[in-house]
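Open the model in your viewer and switch on a cartoon view with side chains available. The stops below go from a single residue to a sheet.

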Amino acid sequence: MTPITPRNLLAIETATEACSAALWMEGRIHVRFQEAPRAHARLILPMMEAVLAEGGIALGQLDALAFGRGPGAFTGVRVATGVIQGVAFGADLPVVPISTLAALAQQRLDAGSSQVLAALDARMGEVYWGAFEADEGGLAVPVGNESVCPPLAVPEPPDGAWEPIGRGWFACQEALAQRLDRRADAPWDDRLPSAAEVVRLAARGLARGEGVPAEQALPVYLRDKVANKPRQVTSTGSAGASQDTQSCQDTQSCQDTQS
């Protein structure tokens, strides 16, 4: 897609317990955020309408849409994908898919860190995992692939001053501490991703020509089937295409490692 200098951009994020929408207006951001498990489908459209009303613009004045494409809860990722595709088709707008883990990591980068390890609780004794560094503009860029894996098998990052963020660190603190010799303290172990960071990353993506048609705005689950034996899965590429890699050898649950 041709690069677009973003003026007005609307983003949503529903991949975790939190539900949020954010409107970018030439750098100013209007946000609605609520932690409301199982209420995303009910809340997200009113949130989108609220930030548009607060900004005083209509859907037709947007340059593009964006969404947290996962990884995260299956239902939450599906909600975001379905809503954003429907709105994009109706309004004939391009979409910028953004990693949910990158949006999470951005919060700690904004606090002054330069290297961040983002983890979300994936249930089934696993975490969604990604390493990110700040680019020249302070925005998150991936270091290696995102993965879903037991905490004792997460990929070790390159040498550096890595700082943790996300509820996966709280859920699996003992196992991750054993694996990486570091812990996440409050408030960083209780953070969830927000559309406020999704929309900022999407503004950069739109300027780079990373917008896609609605039908190509696809989710990234990492774990293909809940019933499968846990395995490591990674994603590559800006739009989050996924691929399987070697199976994780240690399937010990977070709870087991803390007992």
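**Stop 1: Asp 121**

Select Asp 121, which sits in strand 6 (residues 115-123). Bear in mind that this is a predicted model. Is Asp 121 buried, partly exposed or exposed? Its relative accessibility is 26%, and because the partly exposed class lies between 20% and 50%, Asp 121 counts as partly exposed.

Next, show what surrounds Asp 121. Leaving out residues up to four places away in sequence, Asp 121 touches Glu 126, Tyr 128, Arg 167, Gly 168 and Ala 171. Then display the backbone of Arg 123: its nitrogen is 2.9 Å from a polar atom of the Asp 121 side chain. For a distance check, pick the C-alpha atoms of Asp 121 and Pro 151; they lie 9.8 Å apart, with 30 residues of separation in sequence.

**Stop 2: the five-stranded sheet**

Now select the open sheet of five strands, ordered 3-2-1-4-5 with mixed pairing. Strand 3 (28-35) and strand 5 (95-98) are at the edges; each has a single partner strand, so one side of each lacks a neighbour in the sheet. On average, neighbouring strands of this sheet are turned by 15° against each other, direction ignored.

Zoom to strand 2 (residues 18-25), which runs antiparallel to strand 3 and is joined to it by eight bridges. Which residue of strand 3 is the bridge partner of Cys 19? Select Gln 34 to see that partner.

**Stop 3: helix 6**

Finally, add helix 6 (residues 195-207), which packs on the sheet. Helix 6 touches strand 1 (8-13), strand 2, strand 3, strand 4 (64-68) and strand 5. The direction of helix 6 makes about 135° with that of strand 1.

Definitions and conventions. Residues numbered from 1 in each chain as written. Predicted model: local features only at pLDDT ≥ 70, side-chain atom pairs only at ≥ 80, totals over all residues. Heavy atoms only, no water. Pairing = 2+ DSSP bridges. Helix = DSSP H or I, 4+ residues; strand = E, 2+ residues; numbered from the N terminus. Axes fitted to C-alpha atoms, helices over the stretch in contact; angles between N-to-C directions. Contact = heavy atoms within 4.5 Å. Buried < 20%, exposed > 50% of the residue type's maximum accessible area, 1.4 Å probe, protein only. Polar contact = N/O pair within 3.5 Å; in protein donor to acceptor, adjacent residues only side chain to side chain.
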